[in-house]
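Colleague: I would like to learn how to read a fold like this one. Can we take it feature by feature?

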Amino acid sequence: MKKITLFLFVIGLLFDTTAFSQQFVTLQAGKTTQIDGFSASYVAVLRKSKKGEDYYRVTVSLTNNENDYIQLFGRATETFIRTDQQPLAIFQFANATGRGFSATKAKMYPHPVTISVPYKCKKCPPPTNPKEDPYNHYVKRYYIGVQLQHGSIIMGRYDIRVPAGMKPVVRVAVL
């Protein structure tokens, strides 16, 4: 019984620290907030007011202030598809109505990492330059991971609607 209780306590402690590190932080308009080695900020510009709603264009940015962030895939692929397992940060527009194709949340993804792999093609025509190496003439590009180097900035621009007279509330969680 003591072993089971200790095991459940350790598991609960691990889940508690994981949940604590991924909480949303409310951002101030035009001010930079430091979160886990990243700087997050946003700027909101009022575009127009119509039918009891204010239309804002919100520009969010995320800057890497610490070491390079890199995540390698288990298998290289020829196409890069962004999935829910890869976002670096999630921005929530807390008081956005979501009407008329306006955004209620945004995900920021790191940049893909590619490598070029040369191959020899027997059925393809030879290179036009006779001095060129035919082995390095034909190249395929593969995606091997994602990265965000130190000092790199990721930006996104979103249109949101909020109730008339309110300012947008933006929250961010860096994963």
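Colleague: How many bridges pair S6 and S11, and in which sense?

Modeller: This is a predicted model. In it, five bridges pair S6 with S11, and the sense is antiparallel. For a concrete example, take Ala89: its bridge partner in S11 is Val174.

Colleague: Which strand does S6 join over four bridges?

Modeller: That is S7, and the two run antiparallel. Gln92 stands opposite Lys105 in S7. Phe91 has Ala106 of S7 as its bridge partner.

Colleague: What is the order of strands in the open sheet?

Modeller: Read S1-S11-S6-S7, four strands with antiparallel pairing. The edges are strand S1 (25–26) and strand S7 (105–108), each of which pairs on one side only. S1 is joined to strand S11 (residues 170–174) by two bridges, again antiparallel. Within S11, Arg171 is the bridge partner of Thr26. The charged end of Arg171 also sits over the ring of Phe24, 5.5 Å from the ring centre.

Colleague: How do I read the two faces of a strand?

Modeller: Start from the general idea. In a regular strand, side chains alternate between the two faces of the sheet. Now the case here. S7 has a covered face made of Ala106 and Met108. Its uncovered face carries Lys105 and Lys107.

Colleague: Why is S6 described as largely enclosed by the rest of the structure?

Modeller: Count its buried residues. Four of the five residues of S6 are buried, so the rest of the structure largely encloses this strand. Phe93 counts as buried, because its relative accessibility is 3% and the cut-off is under 20%.

Colleague: Which residues touch the most other members of the largest nonpolar core?

Modeller: Val58, Phe91, Phe93 and Ile160, out of 24 residues in that core. Strand S3 (38–50), strand S4 (53–64), S6, S7, S10 and S11 each supply at least two core residues. S4 gives the largest share, four residues. Look at Val58 in detail. Leaving aside residues up to four places away in sequence, Val58 touches nine residues' worth of neighbours that include Tyr42, Val43, Ala44, Phe93, Tyr158, Ile160 and Val170.Colleague: How do I read an aromatic pair?

Modeller: Two numbers do the work. A pair of aromatic rings is described by the distance of the centres and the angle of the planes. The structure holds three such pairs. In one, the rings of Phe80 and Tyr143 have centres 5.6 Å apart and planes at 35°, so the pair is tilted. Phe80 lies in the loop between strand S5 (69–77) and strand S6 (89–93), and Tyr143 lies in strand S9 (residues 138–148), so the pair ties together parts 63 residues apart in sequence.

Colleague: What are the distance and the angle for the rings of Phe93 and Tyr158?

Modeller: The centres are 5.9 Å apart and the planes are at 50°, so this pair is tilted. The pair links distant parts of the chain, with Phe93 in strand S6 and Tyr158 in strand S10, 65 residues apart. Tyr158 is partly exposed, at 21% relative accessible area.

Colleague: Which residues form one aromatic cluster?

Modeller: Phe73, Phe80 and Tyr143.

Colleague: Is Arg161 buried or exposed?

Modeller: Arg161 is buried, because its relative accessible area of 15% falls under 20%. Its place is in strand S10 (residues 153–163). The side chains of Arg161 and Tyr55 share a polar contact of 3.0 Å. Not counting residues up to four places away in sequence, Arg161 also touches others, including Glu53, Asp54, Asn95, Thr97 and Ser102. The ring of Tyr55 has a further partner: the charged end of Lys48 sits over that ring, 5.1 Å from its centre.

Colleague: What does the whole protein come to in helices and strands?

Modeller: Two helices and 11 strands. Along the sequence the pattern reads α-β-β-β-β-β-β-β-β-α-β-β-β. Of the 175 residues in the protein, 30% are buried.

Colleague: What share of the contacts with a separation of 6 or more comes from residues 24 or more positions apart?

Modeller: The share is 70%.

Methods. Residues numbered from 1 in each chain as written. Predicted model: local features only at pLDDT ≥ 70, side-chain atom pairs only at ≥ 80, totals over all residues. Heavy atoms only, no water. Pairing = 2+ DSSP bridges. Buried < 20%, exposed > 50% of the residue type's maximum accessible area, 1.4 Å probe, protein only. Polar contact = N/O pair within 3.5 Å; in protein donor to acceptor, adjacent residues only side chain to side chain. Contact = heavy atoms within 4.5 Å. Phe/Tyr/Trp six-rings, centres within 6.5 Å; stacked < 30°, edge-to-face > 60°. Lys NZ or Arg CZ within 6 Å of the ring centre and 35° of its normal. Core = buried A, V, L, I, M, F, W, Y, C linked by side-chain atoms within 4.5 Å.
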